Structures are given as structure tokens and as C-alpha cells.
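Today I opened this model to look up one sheet and one methionine. Here are my notes, in the order I took them.

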Amino acid sequence: MKRERPRGNYLTLMAVILAFILGVEAQRRGYLNFARENPGDIYRLLVQHLQLVFYSASIAIAVGLTIGTVLTRSFMRRYRETVLNLLGICQTVPSLAVIAIAMSYLGIGRRTAIFALVVYSLLPIIRSTVAGIFQVDPALVDAGHGMGMTPRQVLFKVEIPNAMYIILTGIRTAVVINVGTAAMSFLVGGGGLGDLIFSGLAMVDAGLMLAGAVPTACLAIILNWSFERLEKLIISPGIPRGE
Amino acid sequence: MIELNHVTKIYPGASQPAVDSVSLTVPDGEICVFIGPSGCGKTTLMRLINRLIPITSGSISVDGKDTMGLDPIELRRHIGYAIQQVGLFPHMTVRDNIATVPKLLGWTRTKIDARVDELLTLVNLEPKTFRDRYPRQLSGGQAQRIGVARAMAADPPIMLMDEPFGAIDPINREILQDEFLRIQEKLKKTIIFVTHDINEAIKMGQRIALLKEGRLIQAGLPDELLNRPADEFVKSFVGADRVLKRLNLLKVRDAMMTNPVHCLSDDSSEKVLEQMVKNDLAFLIVTDRGQRLLGYVNQYDLRGHKGHAGDVARKLTLTVSPERNLKEALSQMLSYDLGILVVVGEDGRIQGVLNSTTLSTLVGSTYDERGGHWGRITAAGRIL
């Protein structure tokens with residue numbers, strides 16, 4: 001533990017220096033002009049992007065946790081593998097294709113974008129929920145039942161708290177990937193920072209592209225970091241982490 | 001009281017019943033040990049009692065009430081439950097772990113806190129130190145203690161314990177067993193105790209039920225199993241050293257000879273020697289007038305000595321308490337090559353003498369009639 005702090009600081013310092021050099025270079029090439037002249041546009045699209053991520057992640061977490069939990073119940077034993085395999089196959093479909101398929105049925109607009117994002121983040125959440133609950137020591141579940149907990153109490157007071165570390169890791173992965181995928185919702189008229197990225201790509205305008213790409217990347221990094229913080233708050237200090 | 005009446009459990013798809021028509025009564029305040037080789041159905045039988053496993057046929061009643069007529073959740077909340085893997089919840093502090101059942105029963109915070117501290121003290125853990133620890137900060141022995149405390153939290157009259165001391169090293173296991181017996185002495189719970197260790201069964205059980213392939217082979221007092229095994233299986237299960245194991249069950253008090261031959265410290269040396277020669281005694285215990293052990297004299301020291309026997313008495317450091325079990329006493333006798341052990345109570349008074357003759361009579365084989373090199377020790381009282 002003690003050795004890792006200085007190394008972390010060292011890396012942060014390196015990153016700051018690298019970012020500074022890149023920034024200077026971008027400025028020299030005039031890439032920052034667009035961003036300087038249109039801060040309002042970037043802000044508006046950033047908010048749109050955040051909304052896309054927030055709505056889709058909230059729905060995906062709610063649905064994913066529910067499906068994941070239901071899959072671990074004993075009455076689902078026969079279907080569990082099938083469902084997980086099906087979801088695995090769905091996950092291999094590229095995100096762009098998911099968005100395209102969603103568009104062909106739902107038309108264009110934000111709803112379509114959110115729908116596609118939810119579908120795409122569902123699997124990591126379901127998987128981690130199932131894996132998290134399954135790695136809970138059966139002795140804990142047995143002790144819970146033996147002491148007279150109802151099945152619901154065993155789930156909420158024993159299984160989920162002990163699966164939390166793995167579940168939250170899955171959610172974090174899903175949300176961070178979601179930030180990147182959300183850039184594509186521009187293609188179905190969902191808005192977001194993808195607007196700048198894809199326009200920049202189409203017009204071969206590095207300034208425009210960077211104005212979208214840099215905030216997207218920062219958003220992903222900040223969200224990842226926030227989730228790590230959140231994990232520390234939510235997960236009981238009694239649970240060993242980092243295995 | 002727990003009554004099992006032709007209890008049978010057949011798992012779906014299994015050809016053999018896991019538990020086959022077991023009938024057994026466990027009286028209030030007793031520890032009943034379920035023992036047998038692995039796969040004999042002892043754990044299943046235990047889990048049928050609190051309905052963690054549904055029964056196939058037969059009936060189980062707890063305090064006269066058929067468990068099938070009770071709500072399983074309510075039933076379990078009133079039956080303590082401790083398992084080998086302990087199963088402490090890692091995300092909860094020791095306090096919250098112990099408070100599990102009281103919380104389910106809706107106790108108030110103050111009542112729970114008081115109970116947690118009381119239980120921690122009972123299992124020999126300092127409440128202030130351990131209350132707020134998490135299970136991963138506990139040693140194996142401490143975790144097992146908390147596991148037992150958690151099972152007793154709501155003061156259930158009945159407890160089910162599945163190898164509760166199984167996961168710890170032999171030394172700590174002995175300590176925990178002793179502590180638990182001390183607690184049980186006070187609390188008088190009705191306990192089902194599952195183990196595969198015959199020594200643990202003999203030590204913990206007032207009653208032992210030996211199972212094999214789901215059937216109850218023999219149930220009875222530990223001494224009955226050792227002394228009168230029902231068949232070859234029981235005989236081999238309790239082990240070839242079953243005779244020695246009986247020594248575990250008996251206290252020094254049960255085997256000692258009271259009022260052993262001795263002299264007082266102010267008896268005249270000459271007269272004591274005379275009596276010792278006459279009775280063929282090489283050594284003799286010396287006490288004061290209050291029956292307190294002072295030591296022993298031998299013929300060699302007394303020879304030619306004019307004065308009191310107490311003046312030439314040698315110290316006798318190896319004595320045994322009447323509450324120790326005979327196995328420990330015998331081990332002491334063997335390791336120090338003693339023919340007899342003087343039994344001394346806590347107040348220093350001599351209570352009796354343990355010699356190899358009485359021991360060998362007890363364990364069922366005859367041995368040298370004479371008490372080793374001490375010569376014949378009789379219940380004759382003062383020698384003069």
C-alpha cells in the first residue's frame with residue numbers, strides 16, 4: 001500500500017506534463033480555435049451526452065440488477081446458462097450495429113439512442129451481478145437461512161452486500177464503455193458530443209473533432225474515478241477487495 | 001425437548017434414503033451428539049429439525065409441538081444455529097453479526113447492545129476490543145467463539161451445532177470445548193451437536209447417537225457406547241482404544257480411594273517407621289491436623305530419626321485435582337513414572353489417592369495389585 005502512493009503521484013505528474021505538451025502543440029496548430037470560439041455549443045452537447053449516459057445507465061443498472069438477481073435464484077437454474085449465452089452473443093454484435101438495428105425499429109431520436117445504450121450496457125451488469133452473487137460463500141447463505149432470515153432478507157442483507165464489490169465493478173465498466181458508445185448516438189439523431197466528433201471526421205477538421213473527443217475522454221476518466229470513490233463508500237470495510 | 005419419530009428423508013431421485021426412520025428423544029438441557037462417518041446423514045438429520053430440509057415422512061416435535069405445524073422462519077429464529085464454516089457475515093461488524101437474530105425479532109437497540117456485550121464476555125472476548133471488528137480481523141478461534149455467541153444471541157432454548165469447532169487446530173478446539181461445556185453448565189440448553197470426531201463426541205455428549213447410512217445404529221450414554229457397543233460397526237467406530245477413551249469420561253473423583261493411609265506431621269518417626277515396615281509400605285503421605293498435604297516420608301529417611309515424621313517429610317509437587325479426568329491423571333502418572341497420585345482439592349486438603357490398581361480395575365483389566373513402588377496403599381486412614 002505504502003509503495004503505491006508515490007508511484008501514483010509520479011504517473012499523475014507525467015500525465016499532466018504530457019497533456020500540457022499536447023495542449024501546446026494543439027494550440028500551435030490552431031486546433032483549439034473552435035473550442036475557444038464555441039464554448040456554448042460544447043457545453044450544450046456535453047450536457048446532452050451526460051443525459052444520454054445518465055438515463056441509459058440508470059435504466060441498465062435497474063434492469064440489469066433485477067435480471068441478474070433473478071437469474072441467481074434457484075428456480076432459474078435451468079435457464080441461467082441459456083440466458084447468459086444469449087446475452088453473450090448479443091454483446092458480440094458491434095455497438096454501431098445495435099444502434100442501427102434499434103433505429104430500424106424505433107426511428108431516429110434520443111429514445112432510440114438510449115434504448116441502444118441500455119441494451120449494450122446490460123450484459124456486463126447482468127454478468128457481474130450473477131458472478132458476484134455466485135461467489136458469495138454458501139456458508140453465509142446457509143447461516144442466514146438457518147438463523148431464520150426470509151429469502152428476501154438473505155438476498156438483501158447477505159448476498160447483495162457481499163456481491164457488491166463485483167457488481168459495482170461491472171457497473172463501472174458498463175458506464176465507462178457507455179460514455180464512448182454514447183458518442184455514436186449522434187448517428188441516430190440522439191445528440192451528444194458525437195455531433196462534434198463525427199462532423200469533425202466528415203470535414204477532416206481536427207479542431208472540431210478534438211472539441212468532441214477530449215471532453216468525451218475526460219468524462220470517461222472522471223466517471224471511472226468517481227465510481228472508484230463510490231465503491232469505497234458503499235462497500236463495507238469488512239469485505240476484502242482487490243482479489 | 002426434541003422428539004424425532006420415524007424421521008425419514010429421501011432426496012428426490014435418490015434410491016437410498018439419506019435418513020432412514022430415525023426415532024430419538026433429546027431431553028431438555030442435554031447435549032446430544034450426532035456422529036457417524038461422512039455421508040451417514042447426521043447433518044441432514046440436524047437440518048431436518050429446523051426445517052432447512054423438508055422432511056419426507058415421520059415427524060419432529062420441539063417442546064411438544066410438531067414442527068410441521070409451525071412457520072419455518074419463526075421456528076428457526078427460536079433455534080440457535082452454528083456451523084463449521086462459522087458463516088460470519090464479512091460485511092458486518094462482530095456486533096451486527098451477533099445481533100442478527102435479535103434484529104430479526106425486533107429487539108430495541110439498547111437491549112441488543114447490552115446482549116452483545118454480555119455474550120462477548122461469556123465467550124471470553126473483551127467487548128470493547130471486539131465489538132466493532134470485522135470477521136476478517138478475527139483469528140479462527142475468535143471467529144468460532146463469535147459464531148457460537150451469534151447462535152445464542154436470542155437465548156434460544158434449543159441449539160443446533162454442526163461441527164462448530166471443526167475448523168480450528170486441536171489445541172484451540174480443546175479450549176473452546178472446555179469453554180463451551182462451562183457455558184452449557186450454566187445455561188442448560190438443549191443441544192444437537194454434530195461431529196465426526198469420536199473423542200469430541202465423548203467429551204461433549206451426554207448422549208450420543210451413532211448413525212450409519214441414514215440409520216440410527218446405537219443411541220445412549222457415551223459410556224454405553226464404549227462399554228457395550230451394539231455391533232461390530234460401533235465397536236470399530238469408537239475405536240480399538242475405546243477402553244482408554246472411557247478414561248475421558250471419568251473424573252479423578254470417581255476413581256480415587258478416599259481416606260488413604262497416611263500419618264500426621266507430629267507423629268513420632270519411630271512409630272511411623274514401625275507401621276510402615278509392618279504394612280510393607282515404602283512411602284507414606286504426611287498431612288497436618290487439618291488434612292493438608294505436607295509431603296511424604298520414606299523408610300530410609302525415617303530410619304534412626306528421632307523426632308516427628310514431619311521433620312523428614314519430602315515435598316510432593318505432583319498432585320492432581322479431583323475434577324480432572326482420568327486420562328489426564330493417567331498421563332501424568334505414566335510420564336512421571338508414579339505408582340500413585342495424591343488427590344488434593346483447591347483448599348490444599350488431601351482428598352484421596354489414585355493408584356494404578358483402581359485405574360486398571362476401572363478400565364477393565366487387572367494390573368499389578370501393588371501400587372507400584374509405593375507399596376500397598378489401602379483405605380486405612382491414619383497409619384498409627
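I started with the sheet in chain B: six strands form an open, mixed sheet in the order β6-β7-β8-β3-β9-β10. Strands here are DSSP E runs of at least two residues and helices are H or I runs of at least four, numbered from the N terminus; two strands pair if DSSP finds at least two bridges between them. I found β6 (79-83) and β10 (215-220) of chain B at the edges, each pairing on one side only. Ignoring direction, neighbouring strands are turned by 15 degrees against each other on average.

A note on the source: this is a predicted model, where local features need pLDDT of at least 70 and side-chain atom pairs count only at pLDDT 80 or more, while totals for chains, interfaces and linings use all residues. Residues are numbered from 1 along each chain as its sequence is written, and chains are lettered from A and ligands numbered from 1 in the order written.

Next I checked β6(B) and β7(B) (residues 158-162): they run parallel and are joined by five bridges. I looked up B:A82 and found B:M161 as its bridge partner in β7(B).

Then I moved to A:M164, which sits in helix α8 (residues 151-182) of chain A. Is A:M164 buried or exposed? It counts as partly exposed, because it has 17 C-beta neighbours inside 10 Å; buried takes 20 or more other C-beta atoms within 10 Å, exposed 12 or fewer, and partly exposed lies in between, with C-beta atoms placed from the backbone.

Last, I noted that A:M164 and A:V176 are twelve residues apart in sequence and 18 Å apart in space, C-alpha to C-alpha.

Definitions and conventions
Axes fitted to C-alpha atoms, helices over the stretch in contact; angles between N-to-C directions.
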